[in-house]
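Here is a small exercise in linking labels to numbers. Have a look at the structure first, then read on.

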Amino acid sequence: MPFLIRFMLRHALAGFTLGVVSAAIAVGFDFAHLRSLAQATSLGWIGLSAFCFLIGLTFGGLQIGFAVMLLPYDDEGKPPRGRPRRVELVPVPIAVRRRG
């Protein structure tokens with residue numbers, strides 16, 4: 001399987017898993033009364049399963065987006081040359097006049 005397909009599937013699965021776990025925690029702690037609302041109806045399991053699936057799908061898409069944006073390659077598919085640039089913070093003195 002090509003690298004980019006594996007890359008996207010791996011990140012989609014990681015994001016989907018994180019989303020389903022987050023949705024399960026929200027339902028478990030009865031956030032916004034989701035659990036009590038689902039228990040009040042006979043078909044509440046459909047709503048909870050749709051909620052978990054859609055949150056997982058959203059997190060999966062976000063994870064793919066983050067992973068693609070953080071790739072160290074340029075538009076032509078070539079890795080950057082040399083070592084990554086190191087940024088140094090340098091203090092800049094500022095003259096301040098006293099009032100009074």
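The questions below ask how each label is earned.

This is a predicted model, in which local features need pLDDT of at least 70, side-chain atom pairs count only at pLDDT 80 or more, and totals for chains, interfaces and linings use all residues. Residues are numbered from 1 along each chain as its sequence is written, and side-chain values use heavy atoms, leaving out hydrogens and water.

Q: How do you know that the span of helix H1 agrees with its number of residues?
A: Helices are DSSP runs of H or I with at least four residues, numbered from the N terminus. The expected span is 1.5 Å times one less than the number of residues. For the 26 residues of H1 (residues 3-28) that gives 38 Å, and the end C-alpha atoms are 37 Å apart, so the two agree.

Q: Why does His 11 count as buried?
A: Buried means under 20% relative accessible area, exposed over 50%, and partly exposed in between (1.4 Å probe, protein chains only). His 11 has 18% relative accessibility, so the label buried fits. His 11 lies in helix H1, where Phe 7 and Gly 15 are among the other buried residues.

Q: Why does Leu 62 count as partly exposed?
A: Leu 62, in helix H3, has 47% relative accessibility, so partly exposed is the right label.

Q: What do the buried residues of H1 pack against?
A: They pack against helix H2 (34-40) and helix H3 (44-69). His 11, for one, touches Gly 60, Gln 63, Ile 64 and Ala 67, not counting residues up to four places away in sequence; contact means heavy atoms within 4.5 Å.

Key:
Helix = DSSP H or I, 4+ residues; strand = E, 2+ residues; numbered from the N terminus.
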